[in-house]
Amino acid sequence: MGAGRIAVSADLQRHFNATRELTARLVAPLSDADATVQSMADASPAKWHLAHVTWFLETFVLRDHMPDYRPFNDSFAYLFNSYYEAEGARHARAARGLLSRPSLTQILEYRSHVEATVNAQWDRLPSSALALIELGIHHEQQHQELLLTDILHVFAQNPTFPAYWGSPDADGVAPAKPLGWIEGPFGVHLIGHDGPAFAFDCEGPRHQVMLRPFALADRAVTNGEWLAFIDDGGYRDARHWLSDGWAWVQREAIIAPLYWQQADGDWRTFGLGGLRALNMGAPVTHISLYEADAYASWAGARLPTEAEWEVIAATQDPDGGDQLDGPGAIQPSSAHQDSLFGNVWQWTGSAYRPYPGFCAAEGAVGEYNGKFMSGQFVLRGGSCATPRGHMRASYRNFFYPHQRWQFTGLRLAKDV
């Protein structure tokens, strides 16, 4: 093994262990009951997240690259497979919260066993296995954010409004700066990932796009601006809504972003730090695509396309903005307003579809992204719950237009 290969392998191993350690820190405040309950079908229990990302490594790295490896528990392949048809039958997603056993302690033992085995075998693993470990690292980082948003949704069902971290101290943030606009470059541009650094398959191939003159807002829409939308009857005016969105608002009786509450005429919001007064300068979050699109219509603007967002974001530091560094004040704030990255995911008006020339990988890992390219919309930029170092300009997140339990917000665009 050459010196360059050894250095790359050592860096990857440090990244692997740091990622696993951060996950352990994120679940440390949770009881077994906290980690078991499932608040809705879209969310998963913390125990399941812990086990699933470990099953991924055990299956695709240890089982497939160590002929003498024996599974930690034969039932875990059924319990903790997510959606890989090639890996056979699995426990129903909506019933994950019924798994009172194995316990949180047993799941943590499972994690320790797989981590120790991977580290012990590191120098014997082929390059193909190391590539899968790199995928597994980024996969676990995605689940770190999902774990936090799912914990938030669980705690929001509790009428005592428990805080995940500490006490709900004041945010101590500055007011939002006046909204400005960044005129984007128009004409033919290249977007999508290219090069040796890691990216998910859906981020490529790199390809040309044609952009008409446009401008992107220089910050996200704030809670204070969203409150003006509410006060102006935005949730009651069908003119601003897509047909599916208007049907959703009426069917679900939506009157505000998820986790907003009104008491004695004042709005409060529930977050991982508990229930607190609405921070008017912070980016609005936990909104659906339907809400984002309606607000943009009300504001005389529109949602950006993902290509417009990417060509401007490519000039910025993807580690900027508020992102996840560890347990603590995980919430959007009005700090770092100039960064396109962090704080809240930004809805785009682009459907999540394959780029020209996209081809899914062979085998089970080819199911990772490609088969979900239907009926969903792209979000860009990461959030306060996205692990720092996970983001890049070409990163494509995606959710269904009604979903809003993630840290989802919006940044306006307009034609110039």
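**Exercise 1. Follow the strands from β8 to β10.**
Task: Which residue of β9 is the bridge partner of Ala351?

Solution. In this predicted model, Ala351 has Phe377 as its bridge partner in β9. Now widen the view to the strands. β8 covers residues 345-351 and β9 covers residues 377-380. They pair in the antiparallel sense over 3 bridges. Next, move on to β10, residues 397-399. β9 and β10 are also joined by 3 bridges and run antiparallel. One pair to find here is Leu379, opposite Asn397 in β10.

**Exercise 2. Work out the sheet that holds β4.**
Task: Give the strand order, then find which strands stand at the edges.

Solution. Start with the order: β1-β4-β12, an open sheet of 3 strands. The pairing is antiparallel. Then look at the edges. β1 (181-183) and β12 (413-415) each have a single partner strand, so one side of each is left without a neighbour in the sheet. On average, neighbouring strands of this sheet are turned by 25° against each other, direction ignored.

Now zoom in on one pairing. β4 (residues 214-217) and β12 are joined by 3 bridges and run antiparallel. Phe214 has Asp415 as its bridge partner in β12. Last, add the helix. α10, residues 306-313, lies across β1, β4 and β12. Its angle to β4 is about 75°.

**Exercise 3. Work out the sheet that holds β6.**
Task: Give the strand order, the edges and the helix that lies across β5 and β6.

Solution. The order is β5-β6-β7, again an open sheet of 3 strands with antiparallel pairing. β5 and β7 (274-277) are the edge strands, and each pairs on one side only. Neighbouring strands here are turned by 35° against each other on average, direction ignored. Between β6 and β7 there are 4 bridges, in an antiparallel run. Use Arg268 as a marker: its bridge partner in β7 is Ala277. The helix is α7, residues 223-231. It runs at about 65° to β5.

**Exercise 4. Find the core.**
Task: How many residues are in the largest nonpolar core, and which helix gives the most to it?

Solution. First, a general point. In soluble globular proteins, nonpolar side chains tend to be buried together. The largest nonpolar core here has 114 residues. Those with the most contacts inside it are Phe80, Ile133, Tyr164, Trp226, Trp260, Leu272 and Leu410. Helix α6 (residues 127-156) gives the most, with 12 residues.

Next, check α6 itself. Of its 30 residues, 23 are buried, and the helix is mostly covered. From first C-alpha to last, α6 reaches 44 Å, close to the 44 Å expected at 1.5 Å a residue.

Then take Leu410 as a sample. Residues up to four places away in sequence are not counted. Leu410 touches several others, among them Trp226, Tyr295, Trp345 and Trp347.

**Exercise 5. Decide on the cysteines.**
Task: Why are Cys202 and Cys359 not bonded to each other?

Solution. Begin with the search result: 0 disulfides in the whole structure. Then check the distance. The sulfur of Cys202 is 14 Å from that of Cys359, its closest cysteine sulfur, which is too far for a bond. A disulfide needs the two sulfur atoms within 2.5 Å. Now compare the settings. Cys202 is buried, with a relative accessible area of 2%. Cys359 is exposed, at 64%.

**Exercise 6. Check the backbone in four loops.**
Task: Where do the cis peptide bonds before Pro102 and Pro205 lie, and are Asp264 and Asn343 buried or exposed?

Solution. Take the prolines.
- The Arg101 to Pro102 peptide bond is cis, with omega near 0°. Pro102 lies in the loop between α4 (76-80) and α5 (104-121).
- The bond joining Gly204 and Pro205 is also cis, with omega about 0°. Pro205 lies in the loop between β2 (187-191) and β3 (207-211).

Now take the positive phi values.
- Asp264 has phi near 55°, though it is not glycine. Its place is the loop between β5 (260-263) and β6 (266-271). Asp264 is exposed, with a relative accessible area of 82%.
- Asn343 has phi near 70°, and it is not glycine either. It is found in the loop between α10 and β8. Asn343 is buried, with a relative accessible area of 6%.

How values were computed: Residues are numbered from 1 along each chain as its sequence is written. This is a predicted model: local features need pLDDT of at least 70, side-chain atom pairs count only at pLDDT 80 or more; totals for chains, interfaces and linings use all residues. Side-chain values use heavy atoms; hydrogens and water are left out. A nonpolar core is a set of buried Ala, Val, Leu, Ile, Met, Phe, Trp, Tyr and Cys residues joined through side-chain atoms within 4.5 Å. Buried means under 20% relative accessible area, exposed over 50%, partly exposed in between (1.4 Å probe, protein chains only). Helices (H or I, at least four residues) and strands (E, at least two) are DSSP runs, numbered from the N terminus. Contact means heavy atoms within 4.5 Å. Two strands pair if DSSP finds at least two bridges between them. Axes are lines fitted to C-alpha atoms, for helices over the stretch in contact, and angles run from 0 to 180 degrees between N-to-C directions. The expected span of a helix is 1.5 Å times one less than its number of residues.
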